[in-house]
Each structure stands twice: as C-alpha cells, then as structure tokens.
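Thank you all for coming. Please have the model open on your screens while I talk, and stop me whenever a term is unclear.

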Amino acid sequence: MAKYKIVHYINQFFAGIGGEEKADWEPEVREGAVGPGLGLSAALGSDYEIAATVICGDNYFGENLDKATDTLIAMIGKYKPDVFIAGPAFNAGRYGVACGTICKAVEERLGIPVLTGMYEENPGADMFRKDLIIVRTPNSSAGMRKVLPVLASLIRKMAEKQEILGPDEEGYLERGIRINYFTEERGSERAIQMLVKKLKGEPFKTDLIMPKFDRVDPAAPIKDIRKARIAVVTSGGIIPTGNPDHIESSNATKWGKYDLTGMDRMSPDDFTSIHGGYDRQFAIANPNVVVPLDALRELEKAGEFGELANYFYTTTGTGTATASAAKFGTEIGKQLIDDHVDGVILVST
Amino acid sequence: MVKGIEKYGIPVVHVATVVPISLTIGANRIVPGVGIPYPMANPTMGEADSYKIRVSMVKKALKALTTPVDGQTVFED
C-alpha cells in the first residue's frame with residue numbers, strides 16, 4: 001500500500017487522445033497513471049501512487065480558463081492527494097499556461113504542494129515562476145527521461161515535508177525568492193573575488209541577479225483614424241500557397257512580407273497556414289479567420305480608416321525563441337516605419 | 001514582436017485568444033480573440049455570422065488603436 005497519493009495533470013496529447021484536432025477535449029479524470037505518469041510512477045517507487053490523472057485539451061483550457069480550472073479542481077479534490085503535479089509542458093505554450101494555472105489554483109484552493117516543469121522560454125514559465133516551483137526542462141519531450149528523476153525527487157521532498165533547497169541545487173526555475181544564510185566569506189571578500197574573476201574574464205556568480213525590465217511604453221494612439229494607414233502582422237503562420245520563403249512550421253527563424261494589393265479577401269487558393277501549433281483546418285479553408293482582409297477591405301471602403309498597407313507580415317509563433325520574435329519585431333517595425341504605417345493589428349493564434 | 005514594433009512608436013493592438021500570454025509578453029493594447037485556431041471568426045457559426053464577428057473585431061481593434069492607454073489594457077466587449 002502506497003504511503004503517498006499523487007494526482008497528475010496532462011494534456012490531450014500526452015494522454016494519447018490526439019493532437020491539435022483534439023485540443024478542445026473537455027476535462028476528464030482517469031484512475032491511475034497515464035502517459036508520462038507511468039515513467040514518473042516508476043521513478044517515485046512503491047511508496048507513491050499516482051491515484052488519478054486529470055486530462056484537458058490545450059485549447060479547451062486556454063479558451064475556458066475559469067471553467068476548466070473549476071471542473072479540474074473538483075476532480076482533483078476528491079482524491080485528497082499529498083502532492084499535485086502538472087506536465088511537464090516543455091516548450092508547449094498553451095500547455096505550460098494550463099499547467100501553471102491549474103497548479104496555482106490547486107495550491108490556493110486545496111492547500112496542497114504542487115509542482116510542474118517547463119522550458120525556460122515557455123510563456124507559462126514567466127507567468128508562474130514567482131508562484132510555483134517549475135522544474136527546468138529541455139525544450140521538447142525528448143528530454144522527458146532527464147526530467148522525471150528531478151520531478152520525482154521534488155515530489156518526495158514535498159510529500160515528506162523535507163526542506164527544498166535553492167533552484168540550482170534542485171533544478172527548478174528561479175522564483176526571485178531570497179533566503180538568508182551564513183557564508184564562509186563576508187560580502188566584501190566575495191565582491192573582490194567576483195571583480196577579480198570578471199577582470200580575468202572568468203565565469204562568476206552574482207549574489208543578486210538584477211531583474212530584466214522588458215517592457216515598452218504604450219505608443220500614442222492614432223489621432224485621425226480616417227487618414228491612418230493600417231498594417232496587419234501575424235504569428236499565425238499564414239503564407240502564400242507553396243511557402244516561397246520556406247518559413248518553418250515551428251521554431252521559426254524568419255518572417256515573410258507578402259503583397260495584398262488588389263485583393264478583396266484572403267483566398268484559400270492563394271494563401272494557406274503552415275503553423276504547427278494549432279488545428280489549421282479553419283485557417284486553410286478561410287485564411288481570413290487569421291488575417292482579416294475581407295473585413296478590413298469593407299471597413300476601408302466605408303471610410304472607417306484611411307487605407308490598408310499593401311503588405312502583410314507573417315511568421316509562425318509556435319516554439320519560436322523569444323530572441324527570434326524580438327528580432328522579427330525590430331525588423332518588421334523598421335519596414336513599417338519606412339512604409340509610413342500608423343497602426344498595426346497583430347493577430348496571434 | 002509586439003514590443004519590437006511598438007518601440008518605434010507605432011501603436012500595436014494584439015488580437016490574442018489567451019489573454020494572459022499577451023499580458024505576460026507585454027502587449028499594451030489587447031483585444032481578446034475568438035478561438036485559438038480562429039482568432040478573427042467563429043467558423044462554427046456559419047460563414048455569414050462568422051464574417052459579422054470579424055468585422056466587429058476589426059472595428060474593436062481600430063478603436064483600441066485610437067484609444068490612449070497608460071499601461072496594459074484589455075479591450076473587452
């Protein structure tokens with residue numbers, strides 16, 4: 001008989017239900033371990049039992065945050081687990097946000113320790129790293145084997161109420177929490193050592209990592225919309241049929257700029273979607289659901305705004321490194337300035 | 001991308017379905033999308049109604065671009 005009970009949250013993909021076409025799967029509960037839970041269970045040993053696995057589709061969760069959370073909390077609460085774990089989500093954005101959201105809710109409402117795992121650039125990591133212990137994972141599930149022992153070790157510590165050490169020792173993302181402790185050397189000595197290492201070009205570890213404030217002030221609004229030139233940018237992977245610039249379907253390294261002159265709508269004959277992170281059937285049938293050219297043309301004719309820029313800019317926003325996205329923004333912004341664009345509608349899927 | 005463009009001083013409205021992600025990445029003007037695979041329409045409602053939704057979403061986006069904001073703002077219905 002196991003001493004400790006775990007409940008595990010996974011998405012429709014890891015549950016083996018399906019990919020993007022099943023991403024609207026509603027919350028369900030299954031007895032025992034499912035998918036990655038099997039490996040986790042083995043890593044935890046016989047004192048631990050994954051009593052239940054709760055499953056939800058990534059789109060369902062993302063589009064129904066409150067409802068999905070309430071339903072899942074009710075399912076999880078019934079099992080009275082000692083520890084709750086979600087994921088790991090690796091670099092899957094919607095899954096990461098779902099894991100973070102449900103972990104935070106379980107901790108707050110059920111009062112039990114929670115744990116999840118993500119790649120550092122997962123948007124869920126930035127959203128929840130201050131609230132949760134998020135184990136640092138590689139960017140794809142190929143790294144599952146490496147992550148499971150780290151998760152198992154933290155689950156044991158949580159269940160057995162042992163002290164959890166710092167992020168480097170335990171392998172989780174830094175939460176920005178400072179804990180007092182005594183060191184052998186006083187501050188002035190450590191500072192001198194760091195300075196000497198820095199001067200020599202050697203690696204050194206600061207006592208206090210400075211936060212990065214990565215914000216841009218809101219731009220001033222458009223004064224006269226009737227004269228404004230508007231451009232569309234998208235991370236939804238809409239490209240001309242044939243993908244002439246070979247934009248990647250995930251982890252994009254480039255963006256494209258395509259002419260809309262003389263077109264009244266995005267014809268499915270001319271444009272399609274190559275995005276690898278959502279169910280593309282709707283965008284392939286009608287690309288206007290992502291790049292709303294038909295509606296823009298109607299409003300342009302009606303004088304609701306000045307004119308639509310001749311080009312739209314596009315890339316794929318799934319698994320794309322934040323550094324790449326920042327670079328795309330800088331490059332596209334430069335083009336928009338040169339084209340005298342006054343405002344941008346940026347559509348993300 | 002939103003920030004990369006906005007730092008040139010061009011206002012950007014981010015149409016995104018998962019608003020918390022948009023808030024995390026630092027978009028200043030946010031219009032919630034309809035669904036992840038179809039931010040600008042609801043194809044399950046049929047072509048005509050779906051198009052009406054799209055026109056109203058674009059209007060909302062244009063309105064957001066003409067609205068002064070102090071910080072991150074979500075333009076709900």
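Let me begin with what I mean by helices and strands: both are DSSP runs numbered from the N terminus, a helix being H or I over at least four residues and a strand being E over at least two. This is a predicted model, in which local features need pLDDT of at least 70 and side-chain atom pairs count only at pLDDT 80 or more, while totals for chains, interfaces and linings use all residues. Residues are numbered from 1 along each chain as its sequence is written, and chains are lettered from A and ligands numbered from 1 in the order in which they are written.

With those terms, chain A has 11 helices and 13 strands, and its C-alpha atoms fill a box of roughly 70 × 55 × 35 Å along the principal axes. I call a residue buried if 20 or more other C-beta atoms, placed from the backbone, lie within 10 Å of its own, exposed if 12 or fewer do, and partly exposed in between. By that count, 46% of the 349 residues of chain A are buried.

Now for the loops. Asn251(A) sits in the loop between strand S8 (238-240) and strand S9 (256-259) of chain A, where it has a positive phi of about 50° although it is not a glycine. Asn251(A) is partly exposed, because 15 other C-beta atoms lie within 10 Å. Lys161(A), in the loop between H6 and H7 of chain A, also is not a glycine and has a positive phi, near 55°; with 9 C-beta neighbours inside 10 Å, Lys161(A) counts as exposed. In the loop between strand S4 (83-86) and H4 of chain A we find Pro88(A), and the peptide bond that leads to it from Gly87(A) is cis, with omega near 5°.

That loop brings us to helix H4 (residues 93-110) of chain A, whose 18 residues should span 26 Å, the expected span being 1.5 Å times one less than the number of residues. The end C-alpha atoms of H4(A) are 25 Å apart, which agrees. Is H4(A) enclosed or open? Since 13 of its 18 residues are buried, H4(A) is largely enclosed by the rest of the structure. After H4(A) comes Gly111(A), with a positive phi near 65°.

Next, how helices pack, where axes are lines fitted to C-alpha atoms, for helices over the stretch in contact, and angles run from 0 to 180 degrees between N-to-C directions. Helix H1 (residues 36-44) and helix H6 (residues 144-159), both of chain A, pack at about 55° with their axes 9 Å apart. That makes H1(A) oblique to H6(A), given that angles under 35 degrees count as roughly parallel, over 145 as roughly antiparallel, 65 to 115 as roughly perpendicular and the rest as oblique. Two residues are in contact if their C-beta atoms, placed from the backbone, lie within 7 Å, and among those that meet here are Leu40(A) in H1(A) and Leu148(A) in H6(A).

Finally, across the chains, the axes of helix H10 (residues 293-301) of chain A and helix H3 (residues 47-65) of chain B come within 9 Å and cross at roughly 65°. The residues in this contact include Asp294(A) and Glu298(A) of H10(A), together with Arg54(B) and Lys59(B) of H3(B).
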